[in-house]
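Here is a briefing on one protein chain. Please look over the sequence and the fold before reading the points below.

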Amino acid sequence: MASRYLITGGAGFLGINLVRYLLERGHAIRSLDIAPFDYPEQTAVEVIQGDIRDPDTVERAMRDVDIVVHCAAALPLYSAEDIFSTEVEGTRILLEAALRHGVSRFIHISSTAVYGIPDHHPILEDDRVEGVGAYGTAKIAAEAACAEFREKGLIVPVLRPKTFVGPERLGVFELLYDWAWEGRNFPVLGPGDNLYQLLDVEDLCQAISLCATCDPALANDTFNVAAGEFGTMRDNFQAVLDKAGHGGKVVGLPVGPAIWLLRILERLHLSPLYPWVYETAGQDSWVSIERVESRLGYAPQYSNRQALIRNYEWYLAHRAELKGRSGISHRVPWKQGLLRLARYFF
């Protein structure tokens with residue numbers, strides 16, 4: 001049965017992929033995003049350009065909505081003030097409006113960043129949470145608000161996706177794709193033999209759809225979402241270098257000196273890499289997806305390698321359009337800073 005969805009952050013990377021996924025299944029879509037919705041699908045979507053931190057805008061966006069999918073977030077490159085006001089205050093404003101309007105489900109997109117730097121694997125949904133930096137801390141606080149509104153009777157599935165890639169994804173991954181296209185080697189922290197799980201955005205859309213359509217008693221919980229088939233960090237990146245076809249190889253860097261240097265560059269605003277990236281990139285990082293598989297019927301279609309190659313192919317098709325663009329969202333390349341010069345050593 002068709003439903004009316006409100007997607008916050010509908011103009012973002014996850015947002016536009018979810019818009020397309022739901023439109024293909026006959027649903028009505030309303031997008032709320034502070035950024036313009038500049039996609040061909042704009043004629044098929046009701047677009048509200050506004051801020052989730054503005055109660056009047058949220059009130060207007062929430063009218064006659066069946067299901068909310070809350071994707072909007074301020075990413076780690078934003079200021080701590082913007083992160084907390086968006087992730088925490090914005091989420092609470094949305095939850096309050098959803099409860100007032102009798103929305104059937106409020107699907108909150110959180111992050112595995114809430115687990116901090118893992119000390120065991122696989123990570124389960126009931127393991128401790130510990131934020132790293134403003135982003136991880138704010139995501140934990142947003143989840144706490146979701147739990148509060150569950151107690152008030154709202155159905156609030158919370159999804160904790162691993163880092164997800166796919167069409168429209170750039171951000172930090174543009175470094176890999178750009179260097180692969182140029183035929184360069186690509187560095188990793190340590191030998192690169194650490195298991196590192198990713199997620200294809202289409203598989204995340206599948207999980208969201210399951211949360212929206214399954215038994216509400218099953219959906220009203222917290223779920224890890226990730227690839228079912230994944231390999232090491234070296235395997236992940238080498239797949240893209242092999243696809244580029246220039247003979248590029250993954251090159252391991254000494255962990256201690258590399259992290260020390262990245263910390264300095266980050267503090268001087270000379271690198272786009274933030275602590276959550278470089279503090280975890282050299283370690284195992286994978287979660288259990290048994291709960292979402294057994295309760296919701298989640299069945300991931302893409303391995304790490306397939307997801308990255310699919311994203312790289314999109315990058316190749318759109319590379320000319322990206323020239324000169326940069327920013328701090330997942331939809332645009334991040335400024336590489338001094339890392340742009342580092343490529344010449346690889």
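Leu 268 counts as exposed, because its relative accessibility is 51% and the cut-off for exposed is over 50%. The model is a predicted one. The points below start from Leu 268 and its surface patch, then turn to the nonpolar cores, the salt bridges and some local backbone features.

**Surface patch**

- Leu 268 sits in a loop, with helix H9 (255-267) on one side and helix H10 (275-280) on the other.
- A nonpolar surface patch is formed by Leu 268 together with Trp 260, Leu 261, Ile 264 and Leu 270.
- Together these residues have about 480 Å² of accessible area.

**Nonpolar cores**

- The largest nonpolar core holds 43 residues.
- Leu 14, Val 69, Ile 107, Leu 159 and Ile 208 have the most contacts inside this core.
- Strands that give two or more residues to the core are S1 (4-8), S4 (67-70), S5 (105-109) and S10 (222-225).
- Helices that do so are H1 (13-23), H6 (201-213) and H11 (290-296).
- The most comes from H6, with 8 residues.
- Which residues does Ile 208 touch, not counting residues up to four places away in sequence? They are Leu 14, Leu 18, Val 69, Ile 107, Ile 109 and Leu 159.
- Another core, of 35 residues, lies apart from the largest one. Among its members are Leu 176, Trp 179, Phe 186 and Leu 241.

**Salt bridges**

- The whole structure has 22 salt bridges.
- One of them joins the side chains of Glu 46 and Arg 30, at 3.0 Å from N to O.
- Glu 46 is in strand S3 (residues 46-49) and Arg 30 is in strand S2 (residues 28-33), so this pair ties together parts 16 residues apart in sequence.
- The partners of this bridge are covered to unlike degrees: Glu 46 is partly exposed, at 36% relative accessibility, whereas Arg 30 is buried, at 6%.
- Arg 291 and Asp 126 also meet through their side chains in a salt bridge, at 3.2 Å from N to O.
- This pair links distant parts of the chain, 165 residues apart. Asp 126 is in the loop between S5 and helix H4 (133-151), and Arg 291 is in helix H11.
- Is each partner buried or exposed? Asp 126 is exposed, with 67% relative accessible area. Arg 291 is buried, with 14%.
- Arg 291 has a salt bridge with Asp 221 as well, at 3.4 Å from N to O.
- Asp 221 lies in the loop between helix H7 (216-219) and S10, so its pairing with Arg 291 in H11 ties together parts 70 residues apart in sequence.
- Both Asp 221 and Arg 291 are buried.
- One network, built from salt bridges that share partners, joins Glu 125, Asp 126, Asp 221, Arg 291 and Arg 295.

**Ser 85 and its contacts**

- Ser 85 belongs to helix H3 (residues 80-100).
- Ser 85 counts as buried because its relative accessible area is 11%, and the cut-off for buried is under 20%.
- Its side chain makes a polar contact with the side chain of Arg 53, at 2.8 Å.
- Not counting residues up to four places away in sequence, Ser 85 touches Arg 53 and Gly 90.

**Leu 195 and its contacts**

- Leu 195 is in the loop between strand S8 (186-189) and strand S9 (199-200).
- Its relative accessibility is 31%, so Leu 195 counts as partly exposed.
- Leaving aside neighbours within four places in sequence, Leu 195 contacts Phe 230, Gly 231 and Thr 232, and also Gln 283, Asp 284, Ser 285 and Trp 286.
- Ile 309 is 114 residues from Leu 195 in sequence, and their C-alpha atoms are 18 Å apart.

**Backbone features**

- The peptide bond from His 121 to Pro 122 is cis, with omega near -5 degrees.
- Pro 122 is in the loop between S5 and H4.
- Asp 64 is a residue other than glycine with a positive phi, near 60 degrees.
- Asp 64 lies in the loop between helix H2 (55-62) and S4, and is exposed at 65% relative accessible area.
- Glu 168 has a positive phi too, near 85 degrees.
- Glu 168 lies in the loop between strand S7 (164-165) and helix H5 (173-182), and is buried at 10% relative accessibility.

Conventions:
Residues are numbered from 1 along each chain as its sequence is written. This is a predicted model: local features need pLDDT of at least 70, side-chain atom pairs count only at pLDDT 80 or more; totals for chains, interfaces and linings use all residues. Side-chain values use heavy atoms; hydrogens and water are left out. A nonpolar core is a set of buried Ala, Val, Leu, Ile, Met, Phe, Trp, Tyr and Cys residues joined through side-chain atoms within 4.5 Å. Buried means under 20% relative accessible area, exposed over 50%, partly exposed in between (1.4 Å probe, protein chains only). Helices (H or I, at least four residues) and strands (E, at least two) are DSSP runs, numbered from the N terminus. Contact means heavy atoms within 4.5 Å. Patches are made of residues with over 30% relative accessible area and no salt bridge: like charges are joined within 9 Å, nonpolar side chains (Val, Leu, Ile, Met, Phe, Trp, Tyr) within 5 Å. Accessible areas come from the Shrake-Rupley method with a 1.4 Å probe; for residues, only the protein chains shown count as cover. A salt bridge is a side-chain nitrogen of Lys or Arg within 4 Å of a carboxyl oxygen of Asp or Glu. A polar contact is a pair of N or O atoms within 3.5 Å; within protein, one must be able to donate a hydrogen and the other to accept it, and residues adjacent in sequence count only if both atoms are side-chain atoms.
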